[in-house]
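Here are some notes for a colleague who is meeting this structure for the first time. They go from the whole chain to single residues, and each point can be checked against the display.

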Amino acid sequence: MLKNNEAPNRNSWFVRIMSVVCACILWVYVMNEQNPITTKVYQVPLVAQNLSDDMVVKELPDTVRVKLRGPRSQIAQLGEADVKAFIDFIDAPKGRNTYNVQASVRMGEVTEISPSLIQLETDTVAEKTMSVEPRIVGVPNSGVTVSQMDLNPTRVTIRGASGRIAQVDKVMVMVDISHHDRNFTADATAVAVDKAGREMYDVKVVPGKVKAEVTIVRQLGTNDFPVKANLSGKLPDGVSLKQVKITPSSVRLTAEPKVLGGIKQILTAPIVLNNITSDVELKMPLQIPDQVLADQHSVLVEITLQNASDSRSQQESKNDDTDQNQ
């Protein structure tokens, strides 16, 4: 009798197990049909983690691309703020090294990071106190000029990578005097520049704003002066200078007549020819004298080169033409 009762029980358990298996298969099928696996790409900020307080990273990219994979219902809930991209700089040595870009997300799976490897340079942080120099931008209303400019504070602190701090030539504040015809006060941004007059965006200036008190008086003279490229050095062997074109070719200056009388031309910042091997276009700052206003502070310099072989061919062609004419 017991054996006869056991057979129905075994059949009953088998039916129950098969029912559960079939239910699981049906659930997976329905979920895949109604909530399929999908992917999505996010452009997210890249941050530096565990970077020592006395270290700085040069040229860290602002963002990276992160590709996620997961059920559509989960991916649909995620925004860019839910995806974190970072580089771990714990125990990072000074100098240039290759770093892994990592990413995390609260739901889904990270399948791809682009770029996943980045070469970056780390350097120690340095600080330096420097005087602030005013630089006037624009031209005031007709008949007036700037006679005096007082800055507060007159000294600021610059902070950044030690290698970059060593390249800072001066700290300047740009004060726009356009359309002014009377004394005024303005908050001007202080920027660090190198010897060529280029702004160094990766150097922090504290405080970043300087108060400028500008005294306006009647202007005395305005004139246009030619701009000349300030070339230095020597071109590499095999090439020669064919043409130097400056756009615009002149600059309008405003100052006292005796100051303008001593000016013949305005030079660009130095252009070193040693490493120029092909035609180039350079945006170069102008060397504007002190106490002189200018309607612009930079020009476009187009340098055209000529190979020595081309020059010889042209000369030989000219000689042939001369011989034939004779």
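**Notes on the predicted model**

1. Glutamate 59 is a convenient place to start: this residue sits in the loop between strand S2 and strand S3 (63-71). In this predicted model, the phi angle of glutamate 59 is positive, about 55°, although the residue is not a glycine. Its relative accessible area is 75%, so glutamate 59 counts as exposed, the cut-off being over 50%.

2. Asparagine 50 invites a similar look, since phi here is near 55°, again a positive value in a residue other than glycine. Asparagine 50 is placed in the loop between strand S1 (37-49) and strand S2 (55-58). With a relative accessibility of 49%, asparagine 50 is classed as partly exposed.

3. Turning to the chain as a whole, how many helices and strands are there? The chain has five helices and 23 strands. Of its 326 residues, 29% are buried, and the chain exposes about 20,600 Å², with carbon and sulfur atoms supplying 48% of that area. Among contacts with a separation of 6 or more, 70% are between residues 24 or more positions apart.

4. Valine 47 offers one example of residues that are apart along the chain and yet meet in space. This residue belongs to strand S1, and its C-alpha atom is separated by 8.4 Å from that of lysine 84, which is 37 residues away along the chain. Leaving aside residues up to four places away in sequence, valine 47 touches Ala85, Phe86 and Ile87. Even with these contacts, valine 47 has a relative accessible area of 40% and is partly exposed.

5. The largest pocket deserves a separate inspection, and it holds about 1,400 Å³ of space. Which elements give two or more residues to its lining? They are strands S8 (117-137), S9 (144-152), S11 (170-176), S12 (184-193), S14 (209-218) and S21 (280-285). The lining consists of 46 residues, and those nearest the centre of the pocket are Pro134, Arg135, Met172, Ile288 and His297. By residue class, the lining divides into 23 nonpolar, eleven polar and twelve charged residues.

6. Two peptide bonds in the model should be viewed with their prolines in mind. Serine 114 and proline 115 are joined by a cis peptide bond with omega at about -5°, and proline 115 lies in the loop between strand S7 (109-114) and strand S8. A cis peptide bond also joins asparagine 152 and proline 153, where omega is about 5°; proline 153 is located in the loop between strand S9 and strand S10 (155-161).

7. Finally, is aspartate 194 buried or exposed? Its relative accessibility is 14%, and because buried means under 20%, aspartate 194 counts as buried. The residue is found in the loop between strand S12 and strand S13 (204-206). Its side chain reaches the backbone nitrogen of arginine 198 at 2.8 Å. When residues up to four places away in sequence are not counted, aspartate 194 touches Gln167, Asp169 and Met200. Aspartate 194 can therefore be set beside glutamate 59 in the first point: the former is buried at 14%, whereas the latter is exposed at 75%.

How values were computed
Residues numbered from 1 in each chain as written. Predicted model: local features only at pLDDT ≥ 70, side-chain atom pairs only at ≥ 80, totals over all residues. Heavy atoms only, no water. Helix = DSSP H or I, 4+ residues; strand = E, 2+ residues; numbered from the N terminus. Buried < 20%, exposed > 50% of the residue type's maximum accessible area, 1.4 Å probe, protein only. Contact = heavy atoms within 4.5 Å. Areas by Shrake-Rupley, 256 points an atom, 1.4 Å probe, with all protein chains shown as cover. 1 Å grid on protein atoms, 1.4 Å probe; cavity = no way out; pocket = protein on both sides within 12 Å on 5 of 7 lines; lining within 4 Å. Points joined across faces, edges and corners; volume = space filled by probe spheres on them. Nonpolar A, V, L, I, M, F, W, Y, C, P; charged D, E, K, R; others polar. Polar contact = N/O pair within 3.5 Å; in protein donor to acceptor, adjacent residues only side chain to side chain.
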